[in-house]
Amino acid sequence: MRLPLTEIHPHTACQSRVGTVPEVVDEYTELYRRDDCPLPPVEVFKVAGRWNLIDGFHRLEAAVAAGRETIEVAVAGSGTIDDCIWRAVGANQAHGVRRSNADKRRAVTLALANPRSEGLSTRLIAEHIGVSHELVRQARAREEVSTADSRAPNLPESHEPDRPVTRVKGRDGKWYPARQPISHRPDYESDEWYTPPEIIQAARKVMGSIDLDPASCFTAQQTVQATHYFDKERDGLREPWRGNVWLNPPFSRGSEFGQKLRDEIDAKRVSQAVVIQNASTATKWFHTLAPICWGCFPRGRLSFLRADGTRHDGNRHAQVLLYFGDQTTRFRSVFAEHGLVWRPV
């Protein structure tokens with residue numbers, strides 16, 4: 001069975017790896033340019049009438065790069081998004097690119113968050129994913145500690161208000177590591193903030209797609225849904241960037257990510273980009289990107305999201321959005337609804 005590439009959705013939540021390997025994509029691209037391409041079909045799963053990709057992310061990206069319009073697929077089944085993710089975490093065990101330790105940890109994390117894992121033994125989950133029993137056991141142990149944290153967020157008696165909480169006391173009298181992102185406490189500065197959905201939607205409307213989010217995490221991807229993303233384990237500063245980029249970098253590392261984006265633009269690997277950062281116009285990152293970008297100063301303070309999905313209305317900083325690309329008319333039209341649009345002269 002063949003499907004148009006445009007009908008296959010590479011949902012990030014169904015990607016059991018932390019990302020694709022550019023060198024492998026390049027190798028597969030050359031194979032897809034051949035009439036007798038030896039690569040096997042990609043695997044898809046139907047959810048609510050849409051074909052979600054669950055195995056073959058390297059192959060799909062390569063087929064797009066090779067200019068193909070359709071690709072051979074194998075249908076794994078149909079059902080809910082949970083069914084789809086459960087099937088996806090069992091992929092990549094004995095074929096394709098060898099999984100890294102980070103890939104295996106991500107698969108375990110996805111599996112344990114899936115309702116299909118409830119009631120299953122650690123050994124059965126490990127067999128389904130194709131990882132060691134010990135890896136799943138350790139992940140479950142960390143999850144139990146996190147649950148204990150959320151049940152008893154009591155601060156230590158000696159806590160000083162201007163220092164971050166590193167431990168909390170449980171109802172059993174024992175001390176546990178404070179595992180929730182510090183952004184759950186609005187009186188602390190943090191990098192753990194997620195962009196409001198309406199801004200993501202606007203960026204996607206301008207660029208047409210979001211191919212890469214190079215400074216992200218699994219939680220953020222529930223909103224961004226980039227084709228590919230890098231997280232702390234796969235540092236985006238060490239990887240090449242391609243295509244249309246959405247960038248909400250750690251505000252404490254704005255200069256590093258700003259320079260990286262400029263380097264990728266100069267290397268002609270990034271075709272479009274939308275960046276959100278604090279509106280600190282005297283900073284190095286701003287003067288690195290602003291001369292080649294259009295911009296938007298949002299009306300009022302944006303309400304960023306916490307890790308639990310709730311909005312935080314106590315934002316103490318103004319933001320700026322920068323756009324690089326050839327869709328400047330569309331950027332002006334779309335982002336005029338959110339604030340003051342400007343361009344360098």
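For the lining counts given below, Ala, Val, Leu, Ile, Met, Phe, Trp, Tyr, Cys and Pro are taken as nonpolar, Asp, Glu, Lys and Arg as charged, and the others, Gly among them, as polar. The structure described is a predicted model. By this classification the lining of the largest cavity comprises 3 nonpolar, 5 polar and 1 charged residues. The lining residues are Thr12, Gln15, Arg17, Val18, Gly19, Phe57, Thr227, His228 and Tyr229. The volume of the largest cavity is about 50 Å³, and the search of the whole structure returned 1 cavity of 30 Å³ or more.

The chain contains 345 residues, of which 46% are buried. Its secondary structure consists of 11 helices and 16 strands. Among the contacts in the chain with a separation of 6 or more, 70% are between residues 24 or more positions apart.

Five strands make up an open sheet with mixed pairing, in the order S1-S5-S3-S4-S2. Strand S1 (2–4) and strand S2 form the edges, each pairing on one side only. Strands of a sheet pair through backbone hydrogen bonds, in either a parallel or an antiparallel sense. Both senses occur here. Strand S3 (residues 42–47) is parallel to strand S5 (residues 70–78), with 5 bridges between the two; within this pair, Val42 is opposite Val73 of S5. On the S4 side, S3 is paired in the antiparallel sense, also over 5 bridges, and Glu43 is located opposite Asp55 of S4. S3 and S4 constitute a hairpin with 2 residues between the strands. In the turn, Ala48 adopts a positive phi of about 50°. S4 is further joined by 2 bridges to strand S2 (residues 8–9), the two strands running parallel. His9 has Asn52 of S4 as its bridge partner.

Strand S4 (residues 50–55) is largely enclosed by the rest of the structure, because 5 of its 6 residues are buried, the cut-off for burial being under 20% relative accessible area. Helix H2 lies across S2, S3, S4 and S5, and runs at about 115° to S4. H2 is also involved in covering helix H1: the cover over the buried residues of H1 includes H2 and S5. These buried residues of H1 are Pro22, Val24, Val25, Tyr28, Thr29, Leu31 and Tyr32.

The second largest pocket encloses about 830 Å³ of space. Elements contributing two or more residues to its lining are S2, helix H1 (22–32), helix H2 (57–65) and helix H8 (218–224). In total 35 residues line this pocket, and Glu61, Val64, Asp211, Thr227 and His228 lie nearest its centre. The lining divides into 17 nonpolar, 11 polar and 7 charged residues. Thr227 and His228, listed among the residues nearest the centre of the second largest pocket, are also among the lining residues of the largest cavity.

Two individual residues, Val270 and Arg299, were examined for their surroundings. Val270 belongs to strand S11 (residues 270–278). With a relative accessible area of 4%, Val270 is buried, because this value falls under the 20% cut-off. Leaving aside residues up to four places away in sequence, Val270 is in contact with Trp241, Gly243, Val245, Leu261, Glu264, Ile265 and Phe324. The C-alpha atom of Val270 is separated by 9.4 Å from that of Pro240, a residue 30 positions away along the chain.

Arg299 is located in the loop between strand S12 (294–298) and strand S13 (304–305). Its relative accessible area is 55%, and Arg299 is therefore classed as exposed, the limit for that class being over 50%. Residues touching Arg299, again not counting those up to four places away in sequence, are Ala336, Glu337, His338 and Gly339. Between the C-alpha atoms of Arg299 and His338, which are 39 residues apart along the chain, the separation is 6.3 Å.

Note on methods:
Residues numbered from 1 in each chain as written. Predicted model: local features only at pLDDT ≥ 70, side-chain atom pairs only at ≥ 80, totals over all residues. Heavy atoms only, no water. Buried < 20%, exposed > 50% of the residue type's maximum accessible area, 1.4 Å probe, protein only. Helix = DSSP H or I, 4+ residues; strand = E, 2+ residues; numbered from the N terminus. Pairing = 2+ DSSP bridges. 1 Å grid on protein atoms, 1.4 Å probe; cavity = no way out; pocket = protein on both sides within 12 Å on 5 of 7 lines; lining within 4 Å. Points joined across faces, edges and corners; volume = space filled by probe spheres on them. Contact = heavy atoms within 4.5 Å. Axes fitted to C-alpha atoms, helices over the stretch in contact; angles between N-to-C directions.
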